[in-house]
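Colleague: Could you take me slowly through one part of this predicted model, the place where a few helices pack against one another? I would like a careful description that I can follow with the picture beside me.

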Amino acid sequence: MDMLGALEVGGWLMLPLLGCSLVATVIIIERLWTLRAARIAPAGLGGEVCALVAQGQVNLYWLESHSPLGGVLAAGLRNARLGHDQVRARLQEAAVAVIHDMERFLSPLGTIAAITPLIGLLGTVVGMIEVFSVLVSAQGAGRTAELAGGISQALMTTAAGLTVAIPALMFHRFFQRRVEDITVRMEQQATQLVDFLAHYPGELTLTERDEALGQGVRGA
């Protein structure tokens, strides 16, 4: 049975299921592209930043544009002169914003995974109501076509709801786990920078965007 045939058999409840399927597909593709660990928290960036700090060559503009993790580390470095407590606080604030961005669209995806089986169940109920309506009517036993149509609608909407819900639920759990893994990676590299700054003996020198164009350096 093709798509148009399934829509015809399932009735009007197939339309919201089709809409949920399209939305879920778009979200899954977008999150697969966006939630890449190499893009958000590149491995070794914390160690690279520590080495640049030791050399006095940290360009905050470059670091902020490097990756979301780079923006988190840059937020901590900007407040290094205020003490380690402030560095940790700024790192946490910046990390919360990055985590919030990583979790974008996961709630709608989870909602789709939850409601599509219910829509399918509603289709089942509607189809069975039609079946029993035919049965209790006069000469209902002879109206086999209408009976078969009601049963087909009940089964089709249920199958369609589960077909949408199962992949949506799987990817929702998968993306949640990926967000947790990337968050742990960010925490490890941020802690590496904090520990380095705690034992750094010299004066911290940072380069701002305009200074990267040849206007000198500023000490922090």
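In which hand, left or right, does H4 pass H6 in their crossing?

Modeller: H4 passes H6 in a right-handed crossing, and the axes of helix H4, which covers residues 45-55, and H6 come within 11 Å while crossing at roughly 35 degrees. On the side of H4 the contact is made by Leu45, Gly46, Val49 and Val53, and these meet Leu69, Gly70, Leu73 and Leu77 of H6. Sorted by class, this contact of H4 with H6 has 6 nonpolar and 2 polar residues, with no charged residues.

From H6 we can move on to H7. Two packed helices are described by the angle between their axes and the distance between the axes. For H6 and H7, the axes come within 7 Å and cross at roughly 155 degrees; since angles over 145 degrees count as roughly antiparallel, H6 and H7 are therefore roughly antiparallel to each other. The crossing of H6 and H7 is right-handed. Here H6 contributes Pro68, Val72, Leu73, Ala75 and Gly76, whereas H7 contributes Val87, Arg90, Leu91, Ala94, Ala95 and Val98. By class, this contact of H6 with H7 has 9 nonpolar residues, 1 polar and 1 charged.

These helices also lead to the largest pocket, whose volume is about 240 Å³. Its lining has 14 residues, and the closest to the pocket's centre are Leu91, Gln92, Ala95, Glu187 and Ala190. Helix H6 (68-78), helix H7 (84-102) and helix H9 (144-198) each supply at least two residues of that lining, and the lining residues divide into 9 nonpolar, 3 polar and 2 charged. Leu91 and Ala95 are thus worth finding in the picture, as they belong to the contact of H7 with H6 and are also among the residues closest to the centre of the largest pocket.

Methods: Residues are numbered from 1 along each chain as its sequence is written. This is a predicted model: local features need pLDDT of at least 70, side-chain atom pairs count only at pLDDT 80 or more; totals for chains, interfaces and linings use all residues. Side-chain values use heavy atoms; hydrogens and water are left out. On a 1 Å grid over the protein atoms alone, a cavity is a set of points where a 1.4 Å probe fits but cannot get out, and a pocket is an open set with protein on both sides within 12 Å along at least five of seven lines; lining residues have an atom within 4 Å of a point. Grid points are joined across faces, edges and corners, and a volume is the space filled by probe spheres set on the points. Helices (H or I, at least four residues) and strands (E, at least two) are DSSP runs, numbered from the N terminus. Ala, Val, Leu, Ile, Met, Phe, Trp, Tyr, Cys and Pro count as nonpolar, Asp, Glu, Lys and Arg as charged, and the others, Gly among them, as polar. Axes are lines fitted to C-alpha atoms, for helices over the stretch in contact, and angles run from 0 to 180 degrees between N-to-C directions. A crossing is left-handed if the near helix is turned anticlockwise from the far one by less than a right angle, and right-handed if clockwise. Contact means heavy atoms within 4.5 Å. Angles under 35 degrees count as roughly parallel, over 145 as roughly antiparallel, 65 to 115 as roughly perpendicular and the rest as oblique.
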